[in-house]
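User: Please take a close look at one part of this protein and explain how it fits into the rest. I am a first-year student, so kindly explain each term as it comes up.

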Amino acid sequence: MKQLYRVVVSCTVLFYHSVLLSQIVFPPQDPAKPSYPHVQLGGQIRYRGELDGRFFDAAAKPLFINMLRTQLNLRAALNEDITVFIQIQDSRNFGEEQDGAWRGTLDGRADNLDFRQAWLEWRNFLTPGLTMKLGRQMFATNNERLVGALDWHNVGRAYDGATLVYTTPDKIQARAFGFVLGNDELLMTSADRQNPQGLMGIDLTLPWQQAFNLYLYHDRAERKLRPFGFLGMADSTSFQRFTAGLYLKNSIDGWEYEFEGAYQFGSKQDVPSLGQSSSIAAYLLTGYFGKRFANGSQSGSVGIGVDYYTGDNTSTANVSEGFNHLTTTIHKFYGYMDFFPFTILPNAGLRRAPAITNYGLLDPYLRLTYTPDAKTDLYLAWHYFFAQQNVALPQSRTATHLGIEIDATLNYKITPFLAAQFGASIFAPGEVMQETNASRGLGRDLGYWGYVMLTATF
């Protein structure tokens with residue numbers, strides 16, 4: 001009986017403390033008010049298979065690539081102003097874990113398992129209308145031409161730092177941001193190590209159009225040159241660059257336009273030990289004009305545009321005119337085959353970059369979109385590429401024609417949670433690509449590329 005008595009008393013005490021603790025930790029909630037903390041779970045699984053024939057050689061065997069990206073998200077609203085967000089991401093090609101050990105997927109170590117995002121957002125921080133976001137985050141400005149999240153890439157880009165955004169009652173928005181990019185950039189966006197590197201900026205968005213943004217960005221880096229024989233590492237080289245610009249976008253009665261202009265200035269030390277340095281003077285101009293139409297459930301658009309950015313002029317000493325796209329989202333602007341800008345192509349790997357870099361670009365293009373129903377979107381684009389600077393060819397010739405690219409994509413929404421995308425592109429190399437590719441073994445034939453992608457979001 002004593003044993004039974006002790007069990008009953010212990011259970012009674014435990015039940016009493018449990019009820020008391022529940023009242024402290026989880027107080028009764030008012031049904032009219034949201035409960036905190038409020039937690040949401042979500043995620044995404046994305047598969048993309050690619051057929052890569054970007055060699056300009058019809059006899060070359062294309063690459064077959066299978067990429068998988070898995071994301072798991074947790075968002076917790078701690079109160080009406082403070083939110084935390086965590087996103088775990090695993091990215092890899094099929095069969096890739098630790099291939100150096102010849103174990104493939106049998107190796108449990110995941111090289112590309114990481115936190116894609118982990119941030120805290122505090123609205124009405126210090127004063128009403130001011131929002132602070134601190135931590136690792138996806139970040140983009142305007143249309144991502146200069147600063148973007150690169151979400152098309154299987155890994156993508158994350159920024160470590162903080163943003164401050166102040167919004168007035170009449171929708172004027174001022175923003176400041178600062179990030180440390182002191183890691184090895186993805187090969188897709190940088191061919192060299194730049195460590196440490198910082199990116200910061202301010203911008204002002206005015207509610208005068210759909211988008212009216214004035215900005216000033218600043219990036220700087222210090223890095224070591226390659227090993228210098230028995231002397232060890234050569235002197236560090238650094239640069240500091242400012243990018244000032246204006247971005248406009250608007251639509252009036254179905255007519256739409258988009259414009260961006262940016263100018264870069266600053267300085268860089270080419271070989272500090274020899275006292276060699278140069279100033280930066282480069283610019284970018286882009287414009288698009290089109291017409292949208294709708295007929296019942298069908299809609300679409302047709303438009304023309306031109307992109308122009310400067311390349312380095314070798315005849316000018318101590319001046320760098322090559323425009324740098326900072327942390328651009330490649331794949332959105334200069335053709336879906338990702339040949340341009342040359343300055344951000346990898347200089348190693350199975351698909352080699354063309355032998356021309358930093359010559360700038362002139363890209364007039366035609367763009368068509370068509371939405372026949374709520375589930376289907378079609379996209380077609382035609383690009384005619386020229387180098388902004390003359391490119392030297394054999395026999396003392398020069399040329400600027402880079403080639404023609406045609407891109408076509410189809411998006412289909414299978415269910416509210418599952419979408420499919422199909423794409424195909426061809427590139428007819430111009431005189432510059434044909435002549436300069438010979439030394440790189442890339443050939444003169446049509447280049448081609450295609451993919452199929454399935455995205456499940458929950």
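Analyst: Leaving aside residues up to four places away in sequence, I280 touches Q240, R241, Q264, F265, G266, S267 and S320; a contact here means heavy atoms within 4.5 Å. The model is a predicted one, in which local features need pLDDT of at least 70 and side-chain atom pairs count only at pLDDT 80 or more, while totals for chains, interfaces and linings use all residues. Residues are numbered from 1 along each chain as its sequence is written, and side-chain values use heavy atoms, with hydrogens and water left out.

I280 belongs to strand β12. Strands (E, at least two residues) and helices (H or I, at least four) are DSSP runs, numbered from the N terminus. I280 counts as buried because its relative accessibility is 7%; buried means under 20% relative accessible area, exposed over 50%, and partly exposed in between, with a 1.4 Å probe and protein chains only. One of the residues that I280 touches is Q264. The C-alpha atoms of I280 and Q264 are separated by 6.6 Å, although the two residues are 16 apart along the chain.

Another residue in contact with I280 is F265, which leads to the aromatic rings. Rings of Phe, Tyr and Trp (its six-membered ring) pair if their centres lie within 6.5 Å; planes under 30 degrees apart count as stacked, over 60 as edge-to-face and the rest as tilted. By this rule there are 30 aromatic pairs. F242 and F265 form a stacked pair, because their ring centres are 5.3 Å apart and their planes lie at 15°. This pair links distant parts of the chain, with F242 in strand β10 (residues 236-252) and F265 in strand β11 (residues 255-271), 23 residues apart. F242 has 27% relative accessibility and therefore counts as partly exposed; F265, at 34%, also counts as partly exposed. Elsewhere, ring pairs join F139, Y159, F177, F179, Y215 and Y217 into a cluster.

Rings can also lie beneath a charge. A charge sits over a ring if NZ of Lys or CZ of Arg is within 6 Å of the ring centre and within 35 degrees of the ring normal. R367 lies over the face of Y288, 4.0 Å from the ring centre, and the charged end of K133 sits over the ring of W119, 4.2 Å from its centre.

Strand β12, which holds I280, is also one of the elements that each supply at least two residues to the largest nonpolar core. A nonpolar core is a set of buried Ala, Val, Leu, Ile, Met, Phe, Trp, Tyr and Cys residues joined through side-chain atoms within 4.5 Å. The largest one has 43 residues, of which L146, Y334, F340, L402 and F427 touch the most other members. Strand β16 gives the most to this core, with six residues. F340 touches I330, Y334, L361, F385, L402 and F427, again without residues up to four places away in sequence.

For the wider setting, the protein has two helices and 19 strands. Of its 458 residues, 39% count as buried. Among contacts with a separation of 6 or more, 59% come from residues 24 or more positions apart.
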